[in-house]
Amino acid sequence: YHGGTHLPDLTVISPVFLKNPNMPTFFVASRGHHADVGGITPGSIPPNSTHIDDEGVLFDGLQIAMGNTFFESDVASRLRQTKYPARDVPCNLSDLKAQIAANAKGASELMALCEQWGDDVVSAYMAYVKHNAEASIREVLCTLRDGSATIDMDTGDQICVAVSINHDQKTARIDFSGTSAQNMSHNFNAPLAITHAAVLYVFRTLTKDIPLNSGCLAPLNIIVPPGTILNPSYPAAVVAGNVETSQHVVDVLFQALGKLAGSQGTMNNLTFGNEIHQYYETICGGSGAGDAFDGTDAIQCHMTNSRITDPEILETRFPVMVEQFSIRRGSGGEGRFNGGNGALRAIRFNESMTASIVSSHRRNVPRGLAGGENGTPGKNYLRKSDGTIHTLKACDSILVSPGDTLIIETPGGGGFGKP
């Protein structure tokens, strides 16, 4: 709730001291998605969490090191002393040490840069990067128009946005008033940092290639009423807010700006595991078409920033087999420019495990734009070893047995313009 995403994403922040030993000159940070931080299902992405405690260990600021000393016992205790403790604490500790090492490398490079050029020059250029980003966003705002849009989520909630452009001042007001209140019956509540990040992403895609930084947000007045699914408070469950609701924020903004049809609008978060194995992946789908280009087939869309594990590696390290991974032909919406097709992924299990899916657009469709047709919604189902089919919900958790195959058909993107 204070700048985070969801509980598996642990952020390690380190101060960098140059001249004053009591006042940091810079900070370096690394955010890593841990394989498991506890919660009611392996992988810490439970489909049916309704309280933040269901999702694992909630950190609210914890010192984990000083100098060359890692406070291993303190961190281990925190990972274990919770309602649903982490399943592989040694793995968490190793990953945190890797994040500390990454920060140390970043601090070393910063200090070397300051030694070569002087910290005043380095700080000045950091400011230039932000000023350039701000100027780039103001430039693109001059090309945009006012607009509004609403997206219906499979949960029954709505995300509403109204964009007002002030061309004289080169600013924009992005108002999410009218969005549904935070919902304690599901976990699609997105912390405010996620909402801001999704807005930043959209406007950054509309400008030239610039480094990602907070200067992009300077011309944007983002209004997100507290207590909504885009600005929730404790103890709202948030795990799907990061991976799913963020996608809806992007799609609704692109629609309000008239720039891009709806993409698959989900990360199709698949986790499976037991006390020995824990695994998490996101599955690609179709991207939306725009006013000069088709969507792309089977691609990680928008907020999905992870690549999928190679089948050979997956099958070597886990007791599963990838039966099929293919393009789901005909799932993209037709238009003057066609939406991208989704994917079909089938994984057969060789051991008993718990498998969980957190997904969207299983009921509502990715929307076309400017007369383009909608994309096809996704499907989740389990084919038992005896051939019987069990249809799964958009968010579901099941026990799988050896010989069972989990099949995920991901949504296609919407088309742009009349076919």
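Helix 4 passes helix 5 in a right-handed crossing, a crossing being right-handed if the near helix is turned clockwise from the far one by less than a right angle, and left-handed if anticlockwise. The model is a predicted one, in which local features need pLDDT of at least 70 and side-chain atom pairs count only at pLDDT 80 or more, while totals for chains, interfaces and linings use all residues. Residues are numbered from 1 along each chain as its sequence is written, and side-chain values use heavy atoms, with hydrogens and water left out.

Helix 4 spans residues 192–205 and helix 5 residues 239–257; they pack at an angle of about 40 degrees, with their axes 9 Å apart. That angle makes helix 4 oblique to helix 5 (under 35 degrees counts as roughly parallel, over 145 as roughly antiparallel, 65 to 115 as roughly perpendicular and the rest as oblique). Axes are lines fitted to C-alpha atoms, for helices over the stretch in contact, and angles run from 0 to 180 degrees between N-to-C directions. Helices (H or I, at least four residues) and strands (E, at least two) are DSSP runs, numbered from the N terminus. On the helix 4 side the contact (heavy atoms within 4.5 Å) includes I194, A198, V202 and F203, and among its helix 5 residues are S246, V249, L253 and L257. By class, this contact of helix 4 with helix 5 has eleven nonpolar, five polar and no charged residues. Here Ala, Val, Leu, Ile, Met, Phe, Trp, Tyr, Cys and Pro count as nonpolar, Asp, Glu, Lys and Arg as charged, and the others, Gly among them, as polar.

A second helix pair brings charged residues into view. The axes of helix 1 (residues 72–80) and helix 2 (residues 89–117) come within 10 Å and cross at roughly 130 degrees; the two helices are therefore oblique to each other. Their crossing is right-handed. E72, V75, A76, L79 and R80 of helix 1 meet V89, N92, L93, L96 and K97 of helix 2, a set that divides into six nonpolar, one polar and three charged residues.

Turning to the sheets, four strands form an open sheet in the order 5-6-7-8, with mixed pairing (two strands pair if DSSP finds at least two bridges between them). Strand 5 (147–152) and strand 8 (220–223) stand at the edges, each with a single partner strand, so one side of each is left without a neighbour in the sheet. Neighbouring strands are turned by 15 degrees against each other on average, direction ignored. Strand 5 pairs with strand 6 (residues 158–166) in the antiparallel sense over six bridges, and G147 stands opposite V163 in strand 6. Helix 4 packs on this sheet, touching strand 7 (171–175) and strand 8, and its direction makes about 145 degrees with that of strand 8.

Further along, strand 14 (residues 379–383) runs antiparallel to strand 17 (residues 405–409), joined by five bridges; the partner of N380 in strand 17 is I408. Three bridges join strand 14 to strand 15 (residues 389–391), also antiparallel, with R383 opposite I389. Their hairpin has five residues between the strands, and G387 takes a positive phi near 95 degrees there.

Finally, the count comes to 13 salt bridges (a side-chain nitrogen of Lys or Arg within 4 Å of a carboxyl oxygen of Asp or Glu). One joins R329 and D297 (3.8 Å, N to O). R329 lies in the loop between strand 11 and strand 12 and D297 in the loop between strand 10 and helix 6, so the pair ties together parts that are 32 residues apart in sequence.
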